[in-house]
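Dear colleague,

Please find below the structure that I am handing over to you. I would ask you to look through the sequence and the model before you read my notes.

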Amino acid sequence: MASFSFLGNITLFIAIIHRQKLYQDYSLQIMNLNRKLSMDADQVKKQAEKLSNMFKEQRKFIHQSLILQKKRMEGFKSLCEQYLEKLEVLRDSRGNSVAEELRHLIATLEIKLLMVNRQQESAAAQQSLLDLLFS
């Protein structure tokens with residue numbers, strides 16, 4: 001009977017040691033997983049902050065572009081109104097130089113429209129560069 005008790009104690013002791021080893025392995029795996037999760041969470045926070053800053057910059061740029069576009073459209077509207085007013089004056093006067101004045105007005109309007117178009121192309125090029133920079 002003494003040998004059975006001794007063997008039982010050894011078996012119990014081996015089971016306890018094995019259980020402690022499993023517990024240590026499990027604890028180590030949980031700690032490693034927790035550390036990795038913390039690192040991933042930090043990276044996600046950093047990326048979210050970067051994206052937020054990029055979004056704010058793009059929003060600011062779009063706002064500035066809209067203001068500039070509004071000013072250009074107001075200028076274009078003013079040019080059209082001036083053109084229509086002068087055209088009315090020409091219709092009313094019906095003088096000999098109507099054709100010459102009309103050519104002069106059209107030439108002036110074309111020059112101004114080309115300038116507005118170049119400004120818009122320049123703004124579009126700047127927008128493209130910024131899009132490339134933030135993409």
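The notes that follow describe what was found in this structure.

Please bear in mind throughout that this is a predicted model.

Overall make-up

The chain contains two helices and zero strands. Of its 135 residues, 5% are buried. The area that the chain exposes comes to about 12,100 Å², and 62% of that area is supplied by carbon and sulfur atoms.

Where the two helices meet

Three residues may help you to follow how parts of the chain that are separated in sequence are placed in space.

Let us begin with leucine 109, which belongs to helix 2, the element covering residues 98-134. Is leucine 109 buried or exposed? Its relative accessible area is 18%, and the limit for a buried residue is under 20%, so leucine 109 counts as buried. Once its neighbours within four places in sequence are set aside, leucine 109 is in contact with Leu79 and Tyr83. Glutamine 82 is 27 residues from leucine 109 in sequence, and the C-alpha atoms of the two are 9.5 Å apart in space.

Phenylalanine 134 is also found in helix 2. With a relative accessibility of 25%, phenylalanine 134 is classed as partly exposed, because that class lies between the limits of 20% and 50%. Which residues does phenylalanine 134 touch, not counting those up to four places away in sequence? They are Met54, Glu57 and Gln58. From phenylalanine 134 to phenylalanine 55 there are 79 residues in sequence, while the distance in space is 9.5 Å from C-alpha to C-alpha.

Isoleucine 62, in turn, is placed in helix 1. Its relative accessible area is 48%, and isoleucine 62 is therefore partly exposed. Isoleucine 62 and glutamine 127 stand 65 residues apart in sequence, with 9.1 Å between their C-alpha atoms.

The largest pocket

Rolling a probe the size of a water molecule over the atoms shows where empty space is left. In this model the largest pocket holds about 160 Å³ of space. Its lining is formed by Phe61, Gln64, Ser65, Leu68, Gln69, Arg72, Ala123, Gln126 and Gln127. Helix 1 (2-93) and helix 2 are the elements that each give two or more residues to this lining. Which element supplies the largest share of the lining? It is helix 1, with six residues. By character, the lining residues of the largest pocket divide into five polar, three nonpolar and one charged.

The salt bridge

Side chains of opposite charge can pair when their charged atoms come close. How many salt bridges does the structure hold? There is one. In this salt bridge the side chain of lysine 21 meets that of aspartate 25, at 3.3 Å from N to O. Both residues lie in helix 1, and they are four residues apart, which is about one turn of the helix. Aspartate 25 has a relative accessible area of 31% and is partly exposed. Lysine 21, at 46%, is partly exposed as well.

When you go through the model, you may wish to start with leucine 109 and its contacts with Leu79 and Tyr83, and then turn to the lining of the largest pocket, including Phe61 and Gln127.

Yours sincerely,

A colleague

Conventions:
Residues numbered from 1 in each chain as written. Predicted model: local features only at pLDDT ≥ 70, side-chain atom pairs only at ≥ 80, totals over all residues. Heavy atoms only, no water. Buried < 20%, exposed > 50% of the residue type's maximum accessible area, 1.4 Å probe, protein only. Contact = heavy atoms within 4.5 Å. Areas by Shrake-Rupley, 256 points an atom, 1.4 Å probe, with all protein chains shown as cover. 1 Å grid on protein atoms, 1.4 Å probe; cavity = no way out; pocket = protein on both sides within 12 Å on 5 of 7 lines; lining within 4 Å. Points joined across faces, edges and corners; volume = space filled by probe spheres on them. Nonpolar A, V, L, I, M, F, W, Y, C, P; charged D, E, K, R; others polar. Salt bridge = Lys/Arg side-chain N within 4 Å of Asp/Glu carboxyl O.
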